[in-house]
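I set out to look up how the protein meets the DNA in this entry. My notes follow in the order in which I checked each point.

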There are 2 protein chains.
Amino acid sequence: MDVAAEAGVSKSLVSLALRGDDRVGEAARERILTAAERLGYRSNTLARSLVQGRTMILGVLLTDLANPYHTEVVAGVEESADAEGFTVLLAHGQRDRRRLGRQLESLLQLNVDGVVVISSWLDPAVLAEAARRAPVVMVGRPTAFSPGVDTVANDDEAGARAAVLHLAELGHERIAHLSGTGRPASRARDEGYRATMRELGLGGHTAVRPIGDDPPQRARAASELLGSARPSAVLAVNDLAALALLDQAHASGVPVPDGLSVVGYDNTTLAETVRPRLTSVDQPRLVMGRLAVRLLLERMGGRTGDRHEVLTPRLVVRASSGPAPGGTGATA
Amino acid sequence: MDVAAEAGVSKSLVSLALRGDDRVGEAARERILTAAERLGYRSNTLARSLVQGRTMILGVLLTDLANPYHTEVVAGVEESADAEGFTVLLAHGQRDRRRLGRQLESLLQLNVDGVVVISSWLDPAVLAEAARRAPVVMVGRPTAFSPGVDTVANDDEAGARAAVLHLAELGHERIAHLSGTGRPASRARDEGYRATMRELGLGGHTAVRPIGDDPPQRARAASELLGSARPSAVLAVNDLAALALLDQAHASGVPVPDGLSVVGYDNTTLAETVRPRLTSVDQPRLVMGRLAVRLLLERMGGRTGDRHEVLTPRLVVRASSGPAPGGTGATA
DNA sequence: AAACGAGCTTGGAACGTTCCAAAACCCAGG
DNA sequence: CCTGGGTTTTGGAACGTTCCAAGCTCGTTT
């Protein structure tokens with residue numbers, strides 16, 4: 001270490017001084033700091049991590065950078081991690097199990113101190129295996145619970161329920177559901193939708209149409225839903241699906257919300273840019289991110305039992321939902 | 001190293017065997033591999049990087065995760081990095097110089113082999129300093145060139161020019177510009193707009209209105225632009241600005257494109273979701289990402305001179321631009 | 001029978017830190 | 001002038017790899 005030579009002290013003392021240890025004498029500290037400054041010295045994190053056995057890095061693994069839901073969770077993670085002195089690095093796996101696995105492996109190899117997985121695409125077995133090597137929290141509803149992995153999710157059933165109740169309160173009865181493609185969260189929303197329809201005595205009006213993954217499929221699904229027995233309101237599995245629906249409604253000359261009410265899910269920025277502004281179920285994403293970090297810290301602190309946090313979503317009413325055409329407004 | 005003991009060989013041989021060196025005898029290799037398998041052994045990347053002096057990691061520093069322009073550049077970076085055997089990790093700085101600096105520092109401390117900066121918010125001096133520690137490529141138009149830093153940008157003047165020519169060809173003369181807030185790219189687009197207007201003899205119709213950063217400011221700027229002397233066409237500094245304009249036009253009952261043509265910039269996914277679909281100038285983002293990696297590799301390979309690549313953008317015509325109201329279509 | 005070379009294997013140094021026990025220094029008290 | 005105790009400083013081990021020069025074990029050549 002050149003700084004040691006430059007300042008005429010041992011490497012040990014340099015190490016102490018640079019870490020701000022107060023056992024270092026005033027004169028020595030002075031010389032060391034100026035020497036380090038002059039030489040532009042930067043301690044090597046790799047070496048430090050090697051000896052300390054930790055990196056002060058939290059890894060975040062996500063499927064989809066373009067998805068604002070994910071990125072807001074990340075914001076929450078970053079906020080808490082910063083406050084605790086951790087650096088956050090993101091690894092991006094796309095919707096590809098293999099790539100996700102590889103990226104997860106990269107993070108673990110880096111010896112990150114914890115991993116937040118924002119994706120339900122990862123194989124539960126892979127997740128469990130990762131949890132044996134480092135604390136792992138999964139944000140979102142898992143396909144199956146993996147032992148050793150904590151989870152933070154929103155209550156999809158409750159979210160769907162709130163949306164259906166809102167629509168029923170506006171007088172709607174023929175409430176349809178533009179559902180997802182079998183991912184865990186979408187299944188739960190579907191379930192919540194069906195249960196609430198039954199609970200309201202609207203079971204007979206239950207109508208579910210799955211939507212595709214790519215834009216053309218989405219458009220077709222939306223158009224079919226608006227076809228023959230058109231519902232007066234639709235709960236979409238997410239904002240993207242709701243958008244496809246709005247688009248299709250516009251194309252077919254169906255006015256929203258006067259001819260059709262639409263409710264989305266996730267309350268992405270999309271909901272606030274689209275016309276008309278979209279009523280949507282909001283997940284507390286920031287809170288979820290912060291919570292994920294707290295769970296990681298608890299694990300590092302020695303907790304062994306698994307925790308599964310479920311947060312309550314909140315309906316944000318905007319312009320895309322209104323009174324049912326024939327109704328007189330509130331009936332419930 | 002337990003594997004060595006387990007297989008009854010030296011740690012050196014284990015190291016060789018696991019890296020697939022062909023000098024290792026068949027019997028020993030066999031024993032080592034099964035021992036490693038049984039013990040669930042994973043070599044420690046930190047230690048390897050420490051001795052080899054490189055990490056096979058490329059860092060990407062970005063301002064805004066939520067911006068699809070950025071994330072597509074990232075996709076290009078990842079594609080090329082993967083092909084070259086590098087892992088890509090992202091650090092996210094938000095629009096905050098200090099935070100960006102800290103994140104950059106984190107990446108450098110990790111000893112990444114190269115950094116791609118997708119942000120024009122970073123202080124050029126900080127960038128230059130970073131370039132002294134690792135190869136750095138900046139994607140986007142820099143505030144000022146930093147010695148040692150390569151850049152990859154699109155030709156904003158040319159993009160703005162293409163948009164104006166397109167509108168002029170449709171017969172528009174009163175073409176206004178909803179401009180940005182002084183970032184380098186937006187200044188260049190502004191310049192391209194003005195120059196092209198002059199070139200077409202439309203200098204007298206030049207009208208530039210700056211837009212704000214937050215939604216309410218954007219809305220006001222859009223509304224003012226549509227006020228008194230309403231232009232027949234507008235080039236917006238980016239898709240978000242164009243969106244605000246579309247929104248405002250809708251609110252004031254101005255039909256697009258019949259009463260007003262709008263052209264955006266960046267061709268984000270927004271352009272394909274908004275109604276009407278937005279004509280927009282597309283930057284070759286994937287190519288830019290790939291190019292950034294190539295420049296990094298060249299630096300690692302020993303190149304010393306700086307390179308500044310400028311790519312040509314391409315106008316994507318959609319439904320938001322049409323013939324000028326009074327005109328007969330193509331005039332140019 | 002000695003020397004050689006090819007194929008495999010090994011021990012120890014090195015990477016740049018932190019950690020720890022021990023050494024050196026200093027000053028006050030006896 | 002020695003002793004003790006606190007403060008400051010030090011050398012060497014350790015972290016888990018890779019790298020390198022050197023070693024061993026054969027069978028083959030001279």
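How far is a phosphate oxygen of DNA strand C from an N or O atom in the side chain of Arg48(A)? I read 2.9 Å for this pair. I keep in mind throughout that the model is predicted.

**Entry 1: DNA strand C.** I listed the residues around DNA strand C and found 24, of which Ser15(A), Tyr41(A), Arg48(A), Ser12(B) and Gly25(B) come nearest. Of the atoms of DNA strand C that come within 4 Å of the protein, 64% belong to sugar and phosphate. Besides Arg48(A), I noted Arg19(A), which has a polar side-chain atom 2.9 Å from a phosphate oxygen of DNA strand C. I then turned to the bases: an N or O atom in the side chain of Ser12(A) lies 3.4 Å from a base nitrogen of DNA strand C.

**Entry 2: elements facing strand C.** I asked which elements supply at least two residues each of the surface near DNA strand C. They are α2 (11-18) and α4 (45-52) of chain A, with α2 (11-18) and α4 (45-52) of chain B. The largest share, four residues, comes from α4(A). By class, I recorded 10 nonpolar, eight polar and six charged residues on this surface.

**Entry 3: DNA strand D.** I repeated the search for DNA strand D, which has 24 residues around it; Ser12(A), Gly25(A), Ser15(B), Tyr41(B) and Arg48(B) come nearest. Here sugar and phosphate make up 66% of the strand atoms within 4 Å of the protein. Ser12(A) places a polar side-chain atom 2.6 Å from a base oxygen of DNA strand D. Lys11(B) has a polar side-chain atom 3.3 Å from a base oxygen of this strand. At the phosphates, I found a backbone N or O atom of Asn44(B) 3.0 Å from an oxygen. For the surface near DNA strand D, α4(B) gives the most, with four residues, and the classes come to 10 nonpolar, eight polar and six charged residues.

**Entry 4: aromatic rings.** I searched all chains for aromatic pairs and obtained zero. I did find the charged end of Arg189(A) over the ring of Tyr265(A), 3.6 Å from its centre. In chain B, the charged end of Arg189(B) sits over the ring of Tyr265(B), also at 3.6 Å from the ring centre.

**Entry 5: confidence.** I checked chain A and read an average pLDDT of 92, with 98% of the residues scoring at least 70. Residues 328-332 of chain A fall below 50, and I noted eight contacts in the model for this stretch beyond near neighbours in sequence.

Note on methods: Residues numbered from 1 in each chain as written. Chains lettered and ligands numbered in written order. Predicted model: local features only at pLDDT ≥ 70, side-chain atom pairs only at ≥ 80, totals over all residues. Heavy atoms only, no water. Near = heavy atom within 4 Å. Polar contact = N/O pair within 3.5 Å; in protein donor to acceptor, adjacent residues only side chain to side chain. Nonpolar A, V, L, I, M, F, W, Y, C, P; charged D, E, K, R; others polar. Phe/Tyr/Trp six-rings, centres within 6.5 Å; stacked < 30°, edge-to-face > 60°. Lys NZ or Arg CZ within 6 Å of the ring centre and 35° of its normal. pLDDT = per-residue confidence, 0-100. Contact = heavy atoms within 4.5 Å.
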